[in-house]
Amino acid sequence: MSTSVLDDILAELGPKAGLERAFGPDFVVLVPDARQKLKAFEEMQLDTHRTVSTFARRREFKNLVGQKAAAKVFTRLPSGDETIHALLGGDFNAWDLVPVLVSLAGAVCDELIIATLGFNSSNNAELCEMLDAGRIRSVWFLASEYCAKSDADLFENAQRELRRRGQKIAAARNHAKIQAFRFASTCIVVEGSANLRSCNNIEQLTITNSPELFEFHRAWITQVINQRSDVPC
């Protein structure tokens, strides 16, 4: 096909299909035009310069590769200004931290903020059970567009069950993995690489006792959910 014919195709279809020329006039490749898609922070109107400063006076390090039971591994919450660092094996399910940390707090979780790329039906079922039992009062749940589209039945069921209970859930171009808990007098934040479901990979996470860190993640996650909650995936 001649360059002129390709130019005609590009002129007619390029703007519609988001295509642009690459590699010059003698070797033409039509590639997606990156300008046609907003960056995630632009699409979700997030300030890319958000930061929070926390200082841990004490740190604890746990190599948990090969450990399976979160209840046996995590036996206490971090104290104020403390962070626990953990290395996890692929057999560790990050969701298991939720009931364990709620139990360790010995109090109702007033607010649970979750951001994850993926989850599974058992995660959602146990979350709903904890809501029904009054162990958690409020949930903000941010999943990824990838999860919502690749497993539509799973996401639609989670939407239906959480919204029926008056909770917030949405999907966006999200790759962050956060669990943030607000109890009566304590805020605990889990940050790491692991999704709620296990995926047979080495993962890492930190658990921090910090109201400032809780509010930092709460602000952007709730903003995205409020913007995306009525957007079909």
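## Exercises on salt bridges, cores and cavities

At 22% relative accessibility, Arg165 counts as partly exposed, a value computed, like those below, from a predicted model.

**Exercise 1.** Determine how Arg165 and Glu161 are paired, and which class of burial applies to Glu161.

*Solution.* Begin with the contact itself: the side chains of Arg165 and Glu161 meet in a salt bridge, with 2.9 Å from N to O. Next, take the accessibility of the acidic partner, for which the relative accessible area is 19%; since buried means under 20%, and partly exposed lies between that cut-off and 50%, Glu161 is buried, whereas Arg165, at 22%, is partly exposed. Finally, place the pair in its surroundings, where Asp132, Glu161, Arg164 and Arg165 are linked in a network of salt bridges.

**Exercise 2.** Work out which parts of the chain are tied together by the salt bridge between Asp110 and Arg137, and do the same for Glu145 and Arg228.

*Solution.* The count of salt bridges comes to eight, and one of them joins the side chains of Asp110 and Arg137 at 2.4 Å, N to O. Asp110 sits in the loop between H4 and strand S5 (111-115), while Arg137 sits in the loop between helix H5 (121-132) and strand S6 (139-144), so the pair ties together parts 27 residues apart in sequence. The accessibilities are then assigned separately: Asp110 is buried at 18%, but Arg137 is exposed at 54%.

For the second pair, the closest N and O atoms of Glu145 and Arg228 are 2.6 Å apart. Glu145 belongs to helix H6 (residues 145-150) and Arg228 to helix H8 (residues 211-228), 83 residues apart, and the bridge thus links distant parts of the chain. Both Glu145 and Arg228 are buried.

**Exercise 3.** Describe the largest nonpolar core and say which helix gives the largest share of it.

*Solution.* The largest nonpolar core has 40 residues, and those with the most contacts inside it include Phe74, Leu112, Phe119 and Phe181. Its largest share, five residues, comes from helix H4 (residues 97-105). Apart from this core lies another of 16 residues, among them Ala170, Cys187, Leu213 and Ile221.

**Exercise 4.** Characterise the lining of the largest cavity by position, strand and residue class.

*Solution.* Two cavities of 30 Å³ or more are counted, and the largest holds about 90 Å³ of space. Its lining comprises 15 residues, with Ala94, Lys177, Gln179, Val190 and Ala194 nearest the centre. Strands S8 (178-182) and S9 (187-192) each supply at least two lining residues, and S9 gives the most, with three. By class, the lining divides into eight nonpolar, five polar and two charged residues.

How values were computed
Residues numbered from 1 in each chain as written. Predicted model: local features only at pLDDT ≥ 70, side-chain atom pairs only at ≥ 80, totals over all residues. Heavy atoms only, no water. 1 Å grid on protein atoms, 1.4 Å probe; cavity = no way out; pocket = protein on both sides within 12 Å on 5 of 7 lines; lining within 4 Å. Points joined across faces, edges and corners; volume = space filled by probe spheres on them. Helix = DSSP H or I, 4+ residues; strand = E, 2+ residues; numbered from the N terminus. Nonpolar A, V, L, I, M, F, W, Y, C, P; charged D, E, K, R; others polar. Core = buried A, V, L, I, M, F, W, Y, C linked by side-chain atoms within 4.5 Å. Buried < 20%, exposed > 50% of the residue type's maximum accessible area, 1.4 Å probe, protein only. Salt bridge = Lys/Arg side-chain N within 4 Å of Asp/Glu carboxyl O.
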